[in-house]
Amino acid sequence: MEAVRASAAWVASRSSHVTVDLQEIEKVVDQIKGDVPKVEWDFEGIHYFDNGPLTAQYLFVLDALNFCFWPDKDLSYDHLASGLKLALEKDKNALDSDRLQNYTGPQLRQLLNWPRPLPIEEERVRLLHEVGLELERSFGGQAANLVKSAGNSAATLIELITRHFPGFRDHSLYKGHQVFLYKRAQIFVADLWGAFKGQNYGKFHDINSITIFADYIVPAVLRELGILKYGSNLSCSIDSNSEIVPGSEEEVEIRACSIYAVEKMRDLIGKKFGKQLLSIDIDLWLWSCGVQNMALSHHRTLSIYY
């Protein structure tokens, strides 16, 4: 997504609280010799997959809900992915568009087999309703039809998602400039590509246009690697688990600089080692490093976008 790359670079060039250390990027690239460890999609075995349209429906609902787990120390992405998987295995119609439009908070908890209110539960329910209504109105109730209408273009699919589903419009204003980050829309494309191994609903001729997915975990790993440097006030806020205001300069800089840093890493790997990596592959590697080291301090923002 050129809009994401361009706006991330714009933020990085004006950042006040976060610095991208290009020397540290080069050190990391040299240490791994330009060879990012390959991490398979669903390496944890927690996702539903039937090689058909129901998988596309599952992934779209999953990524509509894929945000903000941290306020509940016991909740993680794994619970969301595996909960929806088990719900579908019990009832193939659990994620039908008409059902999505009518779920309540307690019903969503039951669907996920979660014992207490979810973080930002009202927003999660609202987004389920939005997804169900628009899928029914514009795409015959099926995310698979949404995917087909993109004509095997990742960029077109993201444009369609953000046009039809406001809850995926991951925009921010930074110093008077609009910034596009699109974490959940892009990760849906990546999930399709990974699940279907680049075929069928996961076939995209421009998969290299996707950037990383700016969330909580990847910036924490980049900080641990020394690639992202935070100012003292921001460091104190993160290390003391203080909340970072959504849309604040600090929050936008953390996410945008993460995207920019990985783009620089990808470019450097291409120049030094002649390897053309996908940002998706780098993201999967960084994310897997992060989930294996949950002691890393990450920024905390109550947001529906990641």
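This talk goes through the pockets, the cavities, two helix packings and one aromatic pair of the structure shown above. Please keep in mind that this is a predicted model.

I will start with the largest pocket. The space in it comes to about 830 Å³. Its lining is made up of 41 residues. If you want to find the middle of this pocket on the screen, look for Tyr77, Asp215, Ile217, Trp287 and Val291, which lie nearest its centre.

Which helices supply at least two residues each to that lining? They are H4, covering 77-90, H10, covering 183-195, and H14, covering 279-291. H10 gives the most, with 6 residues. As for the chemistry of the lining of the largest pocket, 22 residues are nonpolar, 12 are charged and 7 are polar.

Next, the second largest pocket. Its volume is about 230 Å³. The residues lining this pocket are Gly83, Leu86, Ala87, Lys90, Asp91, Ala94, Arg99, Tyr103, Gln107, Gln110, Leu111 and Asn113. Two elements give two or more residues here, namely H4 and helix H6, which runs over 105-112. H4 gives the most to this lining, with 4 residues. By class, the lining of the second largest pocket splits into 5 nonpolar, 4 polar and 3 charged residues. H4 therefore comes up twice in the pocket part of this talk, being among the helices that supply the lining of the largest pocket and giving the most to the lining of the second largest.

Now the closed spaces. How many cavities of 30 Å³ or more are there? The count is 3. The largest cavity has a volume of about 50 Å³. Lining that cavity are Ile217, Ala220, Gly290, Asn293, Met294, Leu296 and His298. Of these residues, 4 are nonpolar and 3 polar, with no charged ones. Ile217 is a residue to note, since it lines the largest cavity and is also one of the residues nearest the centre of the largest pocket.

On to helix packing. Two packed helices are described by the angle between their axes and the distance between the axes. Helix H3, residues 53-64, packs in two places that I want to show.

Take H7 as the partner, residues 121-138. The axes of H3 and H7 come within 9 Å and cross at roughly 145 degrees. The crossing is right-handed. On the H3 side the contact uses Gln57, Phe60, Val61 and Ala64, and on the H7 side Leu127, Leu128, Val131 and Leu135. That contact has 7 nonpolar residues, 1 polar and no charged.

The other partner is H4. Here the axes come within 11 Å, and the crossing angle is roughly 145 degrees. This crossing of H3 and H4 is right-handed. H3 brings Leu54, Tyr58, Val61 and Leu62, while H4 brings Tyr77, Leu80, Ala81, Leu84, Lys85 and Leu88. By class there are 9 nonpolar residues, 1 charged and no polar in the contact of H3 with H4. Val61 of H3 is in the contact with H4 and in the contact with H7.

Last, the aromatic pairs. A search of the whole structure finds 13 of them. I will show one, Phe49 with Phe196. The ring centres of Phe49 and Phe196 are 5.2 Å apart and the planes stand at 65 degrees, so this pair is edge-to-face. Where do the two residues sit? Phe49 is in the loop between H2 (22-31) and H3, and Phe196 is in the loop between H10 and H11 (217-224), so the pair ties together parts 147 residues apart in sequence.

Key: Residues numbered from 1 in each chain as written. Predicted model: local features only at pLDDT ≥ 70, side-chain atom pairs only at ≥ 80, totals over all residues. Heavy atoms only, no water. 1 Å grid on protein atoms, 1.4 Å probe; cavity = no way out; pocket = protein on both sides within 12 Å on 5 of 7 lines; lining within 4 Å. Points joined across faces, edges and corners; volume = space filled by probe spheres on them. Nonpolar A, V, L, I, M, F, W, Y, C, P; charged D, E, K, R; others polar. Axes fitted to C-alpha atoms, helices over the stretch in contact; angles between N-to-C directions. Left-handed = near helix turned anticlockwise from the far one by under 90°. Contact = heavy atoms within 4.5 Å. Phe/Tyr/Trp six-rings, centres within 6.5 Å; stacked < 30°, edge-to-face > 60°.
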